[in-house]
Structure formats: C-alpha cells, structure tokens
Amino acid sequence: MSQGGPGIELDTSLGYMLKAAASALHSALEAVLRPLGMTITHYACLELLAQRPGLSNSELARGAFVTRQSMNVLLQALERQGLVVRPAPAPVGRALPTELTARGRRQLTMASAAVRRVEQDMLANLDVSEQDQLRRLLTACITALTEPPASATPPDRPPGPGHVAQAATAW
C-alpha cells in the first residue's frame, strides 16, 4: 500500500502486474528450456529462424530483444553446435543470412512443445474469448508505447506544462 506520498499502488498498477506476469513466464520458460540445454534467447532465435529462414544477425537480435553483439555470440555458439548455418562470405553486403540445420529443427521441436505447455498453463483459467481479448489488449498496449500518436510532442521540443513526466521505473 502507498504511504500517502507520490507513487503508485503496486497491487493495482498494470505496469507492475505486467512485469510480475513477465517474470513468472520467464521463470517458467527457463525451467523447461534449461534441461534441453537452452536459454530463452536461444529458443527465440531458433523459433524466429524456423518461421523466417535467412534472417540476419540484426533482425534476429531485434526479434529476440537482445543486442546485436549478444546475438552474434549466440549465433557463433549455435553454429559450433551444428544448430544453424551461415554462409562464410556474405551473399550481399555484410549481413550473413542464418538458417536452421536439421539438428536445429529437432531441438526446436522439443523446445516448442515445452514452451507451448507453459503457455497453455498460463492461459488455463481463461476461455478462448478471454485469451483473444488478452491478445488484443496486450497488442493495444504495445502499440500505444511503441507507436506514439501523431499529436505527440516532437522530440526536439520539451513537453508543455500539462505534461506528466514518466517515472523511471524498470518494470
């Protein structure tokens, strides 16, 4: 509960609740992927490549929410393990398109089944309509934070007097 000062009510803060849900999901995914010798980023990389073969390091990094440097280290490890292949010289420019190997697809099949079970557990208390609504609502939240409205203040102008600064909270 709040002590009457500035702040937010954690019990009802949507940002805090989303962070708690993301943390619980992260822990559950780590628990099912660790026995397969995988991390969440490792899994995300393989899943992205299965759905979009030929992605570059930069595209994979954006899709897995990591830096290009982190993705490059991961791709080198996955290549050494025989899970992905990249051409030695870049076919065009500097980007090295990456593809799954048969071994990578087999590992992904096991991991996808484990991840699917975690998601099913997470959604078990929601009916199909509620699951669809949750997806729509989360998509709306993501859009609202990643695609500012046209009326947003230009980046080179400070906000007006009615603007409320966002708290620097690491949800």
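These notebook entries record what I looked up on two helix contacts and the largest pocket of a predicted model.

**Entry 1: H2 and H3**

I began with helix H2, residues 40-51, and helix H3, residues 57-64. I noted that their axes come within 9 Å and cross at roughly 120°. H2 and H3 are therefore oblique to each other, since the angle falls outside the 65 to 115 range for roughly perpendicular and is not over 145. I recorded the crossing of H2 and H3 as right-handed. I then listed the residues in contact: H2 contributes Thr 41, Ala 44, Cys 45, Leu 48 and Leu 49, while H3 contributes Leu 60, Gly 63 and Ala 64. Sorted by class, this contact holds 6 nonpolar and 2 polar residues, with no charged ones.

**Entry 2: H1 and H5**

I turned next to H1 and H5, which pack at an angle of about 145° with their axes 9 Å apart. The crossing of H1 and H5 is likewise entered as right-handed. On the H1 side I found Leu 25, Ala 28, Leu 29, Val 32 and Leu 33. These meet Ala 111, Ala 114, Val 115, Val 118 and Met 122 of H5. I counted 10 nonpolar residues in the contact of H1 with H5, and no polar or charged residues.

**Entry 3: the largest pocket**

I looked up the largest pocket last and noted a volume of about 2,400 Å³. Its lining comprises 43 residues. Which of them lie nearest the centre of the pocket? I found Leu 18, Ala 22, Leu 25, Leu 138 and Ile 142 there. The elements giving two or more residues to the lining are helix H1 (14-33), H2, H3, helix H5 (102-123) and helix H6 (128-146). H1 gives the most, with 11 residues. By class, I entered the lining as 28 nonpolar, 10 polar and 5 charged residues.

I added a cross-reference for Leu 25: this residue of H1 takes part in the contact with H5, and Leu 25 is also among the residues nearest the pocket centre.

Technical notes
Residues are numbered from 1 along each chain as its sequence is written. This is a predicted model: local features need pLDDT of at least 70, side-chain atom pairs count only at pLDDT 80 or more; totals for chains, interfaces and linings use all residues. Side-chain values use heavy atoms; hydrogens and water are left out. Axes are lines fitted to C-alpha atoms, for helices over the stretch in contact, and angles run from 0 to 180 degrees between N-to-C directions. Helices (H or I, at least four residues) and strands (E, at least two) are DSSP runs, numbered from the N terminus. Angles under 35 degrees count as roughly parallel, over 145 as roughly antiparallel, 65 to 115 as roughly perpendicular and the rest as oblique. A crossing is left-handed if the near helix is turned anticlockwise from the far one by less than a right angle, and right-handed if clockwise. Contact means heavy atoms within 4.5 Å. Ala, Val, Leu, Ile, Met, Phe, Trp, Tyr, Cys and Pro count as nonpolar, Asp, Glu, Lys and Arg as charged, and the others, Gly among them, as polar. On a 1 Å grid over the protein atoms alone, a cavity is a set of points where a 1.4 Å probe fits but cannot get out, and a pocket is an open set with protein on both sides within 12 Å along at least five of seven lines; lining residues have an atom within 4 Å of a point. Grid points are joined across faces, edges and corners, and a volume is the space filled by probe spheres set on the points.
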